[in-house]
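Here are some exercises to work through with the structure open beside you. Try each task on your own before you read its solution.

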Amino acid sequence: MAAPSAPKLTATLREEKGKGAARRARRAGNVPAVIYGHGEAPRHLAVSARDFAAILRHNGTNAVIDLDIEGKSQLALTKQVDVHPIKSYIEHADFLIVRRGEKVTVEVPLHVIGADDKADRVIVMDQQTITLEVEATNIPAAIEIDVTALGIGDSIAAKDLNLPEGAVFPGEPDDPMLSVTAAKTQEQIDAELDAAVAAIGLPAVMKTRTLGYDGKGQKVLRKPEDVVGAFAELGSVPCILEGFVPFTGEVSLVAVRARDGETRFYPLVHNRHDSGVLALSIASTEHPLQALAEDYVGRVLKQLDYVGVL
């Protein structure tokens with residue numbers, strides 16, 4: 001079977017380099033990029049942000065693209081895409097030069113099909129992606145795992161996956177990909193919650209693991225009667241129980257860290273809440289806790305080698 005043709009994308013060479021040049025390229029509707037590989041010197045490029053985003057939507061983040069670099073065709077693998085953490089536009093891209101027929105190593109998403117919300121079971125993903133050695137022009141957008149026929153206690157290993165022709169998983173055949181477990185009974189849920197309350201004590205705050213913040217997806221448990229039915233009130237979704245911490249005020253700090261470690265901080269903000277919901281934030285350029293907050297947040301960013309806005 002012939003490999004599908006690579007989508008085409010026009011690129012221009014960038015003579016200017018640095019952060020200022022990259023910002024100007026983005027303001028002009030382009031994505032600053034670099035292409036390298038096969039012993040060639042890196043070349044700095046600019047590609048249309050709209051056209052590049054469309055290719056990624058249709059071909060996935062491992063898209064192999066036929067770049068037209070000022071009239072010369074070059075096949076390239078999308079190696080890395082940096083996206084702005086807040087505004088979600090593409091900030092930068094790395095392209096790796098590839099040749100037809102050669103194999104590359106990529107991370108491919110795993111997609112589950114046939115799950116059909118069954119209340120008595122839970123699909124547990126051991127991996128969200130799989131590493132594949134695959135021909136550059138035959139990279140799949142995703143590997144599908146059909147769980148329609150699986151029962152409770154069944155599992156899927158790497159050897160059970162339907163991989164594209166010629167694709168190789170470099171790990172062990174028995175490496176787990178997913179498993180099917182029985183959903184917890186109400187009695188088990190109640191026992192876990194009682195144990196958590198006994199360990200943490202009351203008052204406590206139960207919040208949904210996803211989007212449980214700022215007064216939403218939360219329930220304050222002040223007395224034993226509040227515990228009964230609390231999990232159901234929050235939608236019977238995965239939750240976290242935290243100790244209740246009384247405080248007189250809250251401050252928050254936004255920080256930005258670049259790849260080279262340069263870090264900048266916004267003014268410290270004092271937050272006021274109304275019934276657990278943020279009502280007002282007041283920024284001050286001379287807050288007495290600014291330096292202390294910057295020290296704490298700066299150490300966290302450095303320890304995590306974080307890049308972006310936090």
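The exercises below look at a predicted model, and each task is followed by its solution in steps.

**Exercise 1. Follow the side chain of R257**

Task: Find the strand that holds R257, decide whether R257 is buried or exposed, and list its polar partners.

Solution:
- Step 1. Start with the place: R257 is found in strand β17, which covers residues 255-257.
- Step 2. Check the cover. The relative accessibility of R257 is 10%, and buried means under 20%, so R257 counts as buried.
- Step 3. Look for polar partners. The side chain of R257 makes a polar contact of 3.3 Å with the side chain of D305. A polar atom of the R257 side chain also lies 3.0 Å from the backbone oxygen of Y306.
- Step 4. Give the pair its full name: D305 and R257 meet in a salt bridge, 3.3 Å from N to O. D305 sits in the loop between α6 (290-304) and β21, while R257 is in strand β17, so the pair ties together parts that are 48 residues apart in sequence.
- Step 5. Compare the cover of the partner: D305 has 54% relative accessibility and counts as exposed.
- Step 6. Add the wider surroundings. Leaving out residues up to four places away in sequence, R257 touches several residues, including E262, T263, L301 and K302.

**Exercise 2. Put the strands in order**

Task: Work out the order of the three strands in the open sheet that includes β17, and say which strands stand at the edges.

Solution:
- Step 1. Read the order across the sheet: β18-β17-β21, with antiparallel pairing.
- Step 2. Count partners. β18 (263-265) and β21 (308-309) each have a single partner strand, so they stand at the edges, and one side of each is left without a neighbour in the sheet.
- Step 3. Zoom in on one pair. β17 and β21 are joined antiparallel over two bridges, and V256 stands opposite V309 in β21.

**Exercise 3. Sort the salt bridges**

Task: State how many salt bridges the structure holds, then describe the bridge of R24 and the bridge of R299.

Solution:
- Step 1. Recall the principle: side chains of opposite charge can pair when their charged atoms come close.
- Step 2. Take the total, which is 14 salt bridges.
- Step 3. Turn to R24, whose side chain meets that of E16 at 3.2 Å, N to O. R24 is partly exposed at 42% relative accessible area, and E16 is partly exposed at 48%.
- Step 4. Turn to R299, which bridges to D295 at 2.9 Å, N to O. R299 and D295 both lie in helix α6, four residues apart, about one turn of the helix. D295 is partly exposed, with a relative accessible area of 37%.
- Step 5. Look for a network: salt bridges link K19, E262 and R264.

**Exercise 4. Spot the unusual backbone**

Task: Locate the cis peptide bond from L202 to P203, and then place S88 and L211, which have positive phi values.

Solution:
- Step 1. At the bond from L202 to P203, omega is near 0 degrees, and the peptide is cis. P203 belongs to the loop between α3 (186-200) and β13 (204-208).
- Step 2. S88 is not a glycine, yet its phi is about 65 degrees. S88 lies in the loop between β5 (72-83) and β6 (90-97), and counts as exposed at 55% relative accessibility.
- Step 3. L211, also a residue other than glycine, has a phi near 65 degrees. L211 is in the loop between β13 and β14 (218-221), and is exposed with a relative accessible area of 62%.

**Exercise 5. Compare two threonines**

Task: Describe the place, cover and polar contact of T208 and of T148.

Solution:
- Step 1. T208 is found in strand β13 and counts as buried at 10% relative accessibility.
- Step 2. A polar atom of the T208 side chain lies 3.3 Å from the backbone nitrogen of G212. Beyond its neighbours within four places in sequence, T208 is in contact with G217, L234, V237, P238 and C239.
- Step 3. T148 is in the loop between β10 (143-146) and β11 (155-157), and counts as partly exposed at 45% relative accessibility.
- Step 4. The side chains of T148 and D146 are joined by a polar contact of 2.6 Å.

Terms used: Residues numbered from 1 in each chain as written. Predicted model: local features only at pLDDT ≥ 70, side-chain atom pairs only at ≥ 80, totals over all residues. Heavy atoms only, no water. Buried < 20%, exposed > 50% of the residue type's maximum accessible area, 1.4 Å probe, protein only. Polar contact = N/O pair within 3.5 Å; in protein donor to acceptor, adjacent residues only side chain to side chain. Contact = heavy atoms within 4.5 Å. Pairing = 2+ DSSP bridges. Salt bridge = Lys/Arg side-chain N within 4 Å of Asp/Glu carboxyl O.
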